[in-house]
Amino acid sequence: MERRTQRSSLRTSGGRAILLAATALWDLVLPLGITVAIVSVLADPRYIDTSELRANSLLMHARPIFRDVAPGDVLRVALGDSAILLGTAMAGAIALAVPLGIAYTAVRARAVRAPVWAAATFAASLPAFFWAIVLVLTATLVSAQLGLPFLPVAGFGVDTHLLLPAVALGLRPAAYIFRLTALAIDEVRHADFIRTALGKGLRERQLLVRHVLPNATPSIVTAVVLGTRMALSRLVIVEFVFIWGGAGTLFVQALGQRHLALATELALSFAVGAALLTFISDVVRARTPVGA
């Protein structure tokens, strides 16, 4: 009997290892291999013409990072600046959206649910560029009306400079995560095993912690990953509006100034980040039991 149990355990472990390897191949190796091939061709000086980019003085001189940082540190500094902005935006989005999504499912009043859902839909529908411009104009208007400095609308700094770009970058992902969190929890709440647990007299809080949240976790993680990828793809726009000077802006500057090796490294860095996010999402979904 023991041998059969050991064999079954080995088969299960072997199956998980094969699944993990296949997931890594599909989510990491294959996308990154294709990305390297595409970027290598597109960044070849024989095929690329950067004259139009070089004519755009706004982009080229938004923040002359090449003159501010030692050449060997440019990539590290730019990625660090973008990581600070992206991390702050997504930390705020997750901290706000997930609890609100959970709380939303507990509300039954249509007069409350309808406007909240409409507001989230509105926030998720408009691009990051719109929110960035709205925040810049609002900060400028408030400052002009009060005659006092409000929040800085341009420049890099791990201080008040971080607030507006983080909000502009994280607002749409927050709305997206909120909506998918609420939908995932509502779907689990209507499952048969939840009705069985209610029939056994399980309290609402116990039901949420023991059954609803564990089964909704894969969908919530997927929402967070997709929201982060959404923010990653809008990073260059927000950085440009607020003159943040991270990897997104540097990528355009690198192309315009024909630093093609640096542009290639930046493109691959973004590709690695996106691939890792997808891989983590698939691993979490594969390891999370259903109907716990």
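These legends go with several close-up views of a predicted model.

Local features rest on pLDDT of at least 70 and side-chain atom pairs on pLDDT 80 or more, while totals for chains, interfaces and linings use all residues. Residues are numbered from 1 along each chain as its sequence is written, and side-chain values use heavy atoms, with hydrogens and water left out.

**View 1. The whole chain is built from helices and has zero strands.** Here you can count 13 helices (DSSP runs of H or I, at least four residues, numbered from the N terminus). Of the 292 residues, 38% are buried (under 20% relative accessible area with a 1.4 Å probe, protein chains only).

**View 2. The largest nonpolar core holds 43 residues.** Such a core is a set of buried Ala, Val, Leu, Ile, Met, Phe, Trp, Tyr and Cys residues joined through side-chain atoms within 4.5 Å. L85, L169, V212, V238 and F242 have the most contacts inside this core. Helix 8 (163-189) is among the elements that give it two or more residues, and helix 8 supplies the largest share, 11 residues.

**View 3. F242 meets residues from elsewhere in the sequence.** Leaving aside neighbours within four places in sequence, its contacts (heavy atoms within 4.5 Å) include A132, V153, L164 and A168.

**View 4. I237 belongs to a nonpolar surface patch.** Together with F129, I133 and L137, I237 makes a patch of about 340 Å² (nonpolar side chains of Val, Leu, Ile, Met, Phe, Trp or Tyr within 5 Å, in residues with over 30% relative accessible area and no salt bridge, that is, no Lys or Arg side-chain nitrogen within 4 Å of an Asp or Glu carboxyl oxygen; areas are by Shrake-Rupley with a 1.4 Å probe). Helix 7 (residues 128-146) gives three residues, whereas I237 sits in helix 11 (residues 235-241).

Terms used
Patches are made of residues with over 30% relative accessible area and no salt bridge: like charges are joined within 9 Å, nonpolar side chains (Val, Leu, Ile, Met, Phe, Trp, Tyr) within 5 Å. Buried means under 20% relative accessible area, exposed over 50%, partly exposed in between (1.4 Å probe, protein chains only).
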